[in-house]
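Me: I'd like to learn how to read some side-chain and backbone features in a model. Could you walk me through one?

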Amino acid sequence: MTILNFYTTAGCHLCEHAAVLLTQLKAVRNFEVVEVDIVTEERLIARYGTRIPVVCRSDTLQELSWPFTLEQLESFI
């Protein structure tokens, strides 16, 4: 099963939009989402602070940065 790390933080309206897309896709595809709040580590803030929301495949480490559509997200998975 595909595991996606979803880099986000509280109060991010773009992250809320991305979370809706992930929920919609989970209704038709089998994958797991691990939500990672970037404020928990300085290195995550440095890497993703201006790019969130970001989805990263745990198997290939490929990243999909916002903006993305449902179709792009499905293709990414």
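Me: Let me start with one residue: is Tyr7 buried or exposed?

Reply: Happy to help, and please keep in mind that this is a predicted model. The cut-off for buried is under 20% relative accessible area. Tyr7 has 10% relative accessibility, so Tyr7 counts as buried.

Me: How many aromatic pairs are there?

Reply: A pair of aromatic rings is described by the distance of the centres and the angle of the planes. Here the count comes to 2 aromatic pairs. In one of them, the ring centres of Tyr7 and Tyr48 are 4.2 Å apart and the planes meet at 15 degrees, so this pair is stacked. The pair links distant parts of the chain: Tyr7 belongs to strand β1 (residues 2–8) and Tyr48 to helix α2 (residues 42–48), 41 residues apart. With 2% relative accessibility, Tyr48 counts as buried.

Me: And what kind of aromatic pair do Trp66 and Phe68 form?

Reply: Planes over 60 degrees apart count as edge-to-face. For Trp66 and Phe68 the angle between the planes is 70 degrees and the centre-to-centre distance is 5.0 Å, an edge-to-face pair. Phe68, at 5% relative accessibility, counts as buried, whereas Trp66, at 24%, counts as partly exposed.

Me: Which residue lies over the face of Phe31?

Reply: That is Lys26, at 5.0 Å from the ring centre of Phe31.

Me: Let's turn to the backbone. Which residue does a cis peptide bond join to Ile52?

Reply: Omega is the angle to read here. The cis bond joins Ile52 to Pro53, with omega about 0 degrees. Pro53 sits in the loop between α2 and β3 (54–57). Another cis peptide bond runs from Trp66 to Pro67, where omega is near 10 degrees. Pro67 is found in the loop between β4 (63–65) and α3 (70–76). Trp66 thus gives you two things to look at: the cis bond to Pro67 and the ring pair with Phe68.

Me: What is the phi of Leu61?

Reply: Leu61 has a positive phi of about 65 degrees, although Leu61 is not a glycine. Its place is in the loop between β3 and β4. At 62% relative accessibility, Leu61 counts as exposed.

Me: In which sense do β1 and β2 pair?

Reply: β1 and strand β2 (residues 31–37) pair in the parallel sense, over 7 bridges. As a landmark, Ile3 stands opposite Glu32 in β2. From β1 the chain passes through α1 to β2, and this β-α-β crossover is right-handed.

Me: What does Phe6 touch?

Reply: In a regular strand the side chains alternate between the two faces of the sheet. Phe6 lies in strand β1 and, at 3% relative accessibility, counts as buried. Not counting residues up to four places away in sequence, Phe6 touches a set of residues that includes Cys15, Leu22, Val34 and Val55. Pro53, the proline of the cis bond with Ile52, is also among the residues touched by Phe6. The C-alpha atoms of Phe6 and Ile38 are 9.6 Å apart, and the two residues are 32 residues apart along the chain.

Me: One last feature: with which side chain does Thr9 make a polar contact?

Reply: The partner is the side chain of Asp37, at 2.9 Å. Thr9 is in the loop between β1 and α1 (13–26). Leaving aside neighbours within four places in sequence, the residues in contact with Thr9 include Cys15, Ile38 and Ile52. Cys15 is also touched by Phe6.

Key: Residues numbered from 1 in each chain as written. Predicted model: local features only at pLDDT ≥ 70, side-chain atom pairs only at ≥ 80, totals over all residues. Heavy atoms only, no water. Phe/Tyr/Trp six-rings, centres within 6.5 Å; stacked < 30°, edge-to-face > 60°. Helix = DSSP H or I, 4+ residues; strand = E, 2+ residues; numbered from the N terminus. Buried < 20%, exposed > 50% of the residue type's maximum accessible area, 1.4 Å probe, protein only. Lys NZ or Arg CZ within 6 Å of the ring centre and 35° of its normal. Contact = heavy atoms within 4.5 Å. Polar contact = N/O pair within 3.5 Å; in protein donor to acceptor, adjacent residues only side chain to side chain. Pairing = 2+ DSSP bridges. Right-handed = clockwise from strand over helix to strand, strands pointing away.
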